[in-house]
Amino acid sequence: MSVQSVNRKSRFLAACAGQPVDTVPIWLMRQAGRYLPEYQATRRRAGDFLTLCTTPELAVEVTLQPVHRLGVDAAILFSDILLPLRAMGMPLTFTDEGPRLSPLDSAAAIDALRVLEPDALPEVLETVRLLRRELTDVVPLIGFAGAPFTLLTYAIEGQTGKSFVRSKRLLYAEPELAHRLLGKLTDSLIAHLTGQAKAGAQALQLFDSWVGVLSTEDYAVFGAPYVERVLSALRPLGVPLIYFPLGGLSLLPQVGKLSADVISVDWRQPLSLAQKLLSSQQGLQGNLEPLLLLGPLAQLEARVKRVLDDAPRRRYIFNLGHGLTPEIPPAHVEALVEMVHRLGQRPAHE
Ligand code: 1CP
């Protein structure tokens, strides 16, 4: 395939496959969200966050907002990692302080959880189908889910973990039960992600947002094996698989053994260091400190250059080291996309 036909198709998918690109592709975690006034307006119309996630027309609208405003090279489905827990039988609400679930506090509660089938969460799958109709091939759609351990923390803590005492009590006091829960979460995630890919998602990302609280020894038992089960079950779908172990610098040697195509790296370490700890087969995504977007544009541009200079030449996708936050000015995000496309241009022979 010529460079040009690859580029007309999708820079993002070309980069995932290790093919040449005209410039570095970029998308941003939480590119749809509260920093955008148009998101705030749609969210007000929806009334609450869960209605926004489960009304396909509205979820499509907010998914497309950053694509139109920013010119990013991929769209990410608007949904949330906690929706599968709700479908498994855990009532979920979102408050101003974050998500709330009634925490699983017994073996019976864990055994009562439903394991999802690929057609669970039909509203989310409908959003995927509608989005594929709206998007061109140039801007592919990324589907996603939380990784098993990260979902375990929400299911056991009932909210965003702080000390993770409840989660760790389960791991250390009742490891068999922990494995039973991780197994059910893993099977449900495989089903939900398979459903998304069959509905049209062209890449899948697993968010392991809380895996950084695990020691390397515990990641080997409660983290990595379940992530690998998800990845190998999804492999036959033929879409690129991205894994984001937030705060997982000490885990990267183990992450390097996972079968993910691309590893999304947080802002804490240079990409070149992450690359050394990972496998040479794995592409990289990342890793600008998101809050640099609060500072002046000249500083932002200097830091973007540093990230690009440090990034691999092939199989690389620009992103933030974590998500955009509500305080970030949209004009700075627009400027970031322009900078990456301008500074990331690759000569045709590379
Ligand atoms: O409008 C609002 O008030 C809700 C804010 C919000 C948004 C915009 C939440 C609540 N979720 C989302 C959407 C979302 N969440 C997306 C899709 C859109 C996009 O990226 O553009 C994605 C991929 C997620 C993933 C997600 N949800 C993660 C993993 C990524 C990460 O940030 O580490 C996690 C941990 C959640 C849980 C969650 N959802 C929302 C909140 C407030 C939380 C808790 C966050 C936390 O515990 O810190």
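Buried means under 20% relative accessible area, exposed over 50%, and partly exposed in between, with a 1.4 Å probe and protein chains only. This is a predicted model: local features need pLDDT of at least 70, side-chain atom pairs count only at pLDDT 80 or more, and totals for chains, interfaces and linings use all residues. Residues are numbered from 1 along each chain as its sequence is written, and side-chain values use heavy atoms, with hydrogens and water left out.

**Exercise 1. Backbone exceptions**

Find where F164 sits, and decide whether F164 is buried or exposed.

Solution. Step one: recall the background. Most residues other than glycine have a negative phi, and most peptide bonds are trans. Step two: check the angle. F164 is not a glycine, yet its phi is positive, about 65°. Step three: place the residue. F164 is found in the loop between α9 (148–157) and α10 (165–173). Helices (H or I, at least four residues) and strands (E, at least two) are DSSP runs, numbered from the N terminus. Step four: apply the cut-off. F164 has a relative accessible area of 3%, so F164 is buried.

Now treat R315 likewise: which loop holds R315?

Solution. R315 lies in the loop between α15 and β9. R315 also has a positive phi, about 50°, although it is not a glycine. Its relative accessible area is 25%, so R315 is partly exposed.

Which two residues does a cis peptide bond join?

Solution. The cis bond joins G286 and N287, with omega about -10°. N287 lies in strand β8.

**Exercise 2. Helix α15**

Test the length of α15 against 1.5 Å a residue, then find which residues of α15 are buried.

Solution. Step one: length. The expected span of a helix is 1.5 Å times one less than its number of residues. Helix α15 (residues 297–310) has 14 residues and should span 20 Å; its end C-alpha atoms are 20 Å apart, which agrees. Step two: burial. L300, E301, V304, V307 and L308 are the buried residues in α15. They cover an arc of only 120° around the axis, which puts them on the same side of α15. The arc is that of the directions from the helix axis to the C-beta atoms. Step three: the helical repeat. An α-helix has 3.6 residues a turn, so residues three or four places apart point the same way. Step four: the other face. Turned away from the buried side, α15 carries the exposed residues A298, R306 and D309. Step five: partners. The buried residues of α15 pack against α14 (271–277), β8 (283–288), β9 (316–320) and α16 (330–343). Contact means heavy atoms within 4.5 Å.

**Exercise 3. Helix α8 and its surroundings**

List the buried residues of α8 and what covers them.

Solution. Step one: length. The 13 residues of α8 should span 18 Å at 1.5 Å a residue; the end C-alpha atoms of α8 are 19 Å apart, which agrees. Step two: burial. V124, L125, T127, V128, L130 and L131 are buried in α8. Step three: cover. This includes α5, α6 (83–87), β4 (141–146) and α11. Step four: a residue of α11. H192 lies in α11 (residues 175–199). At 4% relative accessibility, H192 counts as buried. Beyond four places in sequence, H192 touches P84, L121 and V124. Step five: a residue of α8 itself. E123 lies in α8 (residues 122–134) and is partly exposed at 31%. Not counting residues up to four places away in sequence, E123 touches T54 and P56.

**Exercise 4. Pocket and cavities**

Which residues lie nearest the centre of the largest pocket?

Solution. Step one: terms. On a 1 Å grid over the protein atoms alone, a cavity is a set of points where a 1.4 Å probe fits but cannot get out; a pocket is an open set with protein on both sides within 12 Å along at least five of seven lines; lining residues have an atom within 4 Å of a point. Step two: lining. The largest pocket is lined by 39 residues, with R30, R34, D80, F94 and Y154 nearest its centre. Elements giving two or more residues to this lining are α3 (37–46), β2 (92–95) and β3 (98–101).

How many cavities of 30 Å³ or more does the structure hold?

Solution. The structure holds three. Among the residues lining the second largest cavity are A15, Q19, Y316, R346 and R315.

Conventions:
Points joined across faces, edges and corners; volume = space filled by probe spheres on them.
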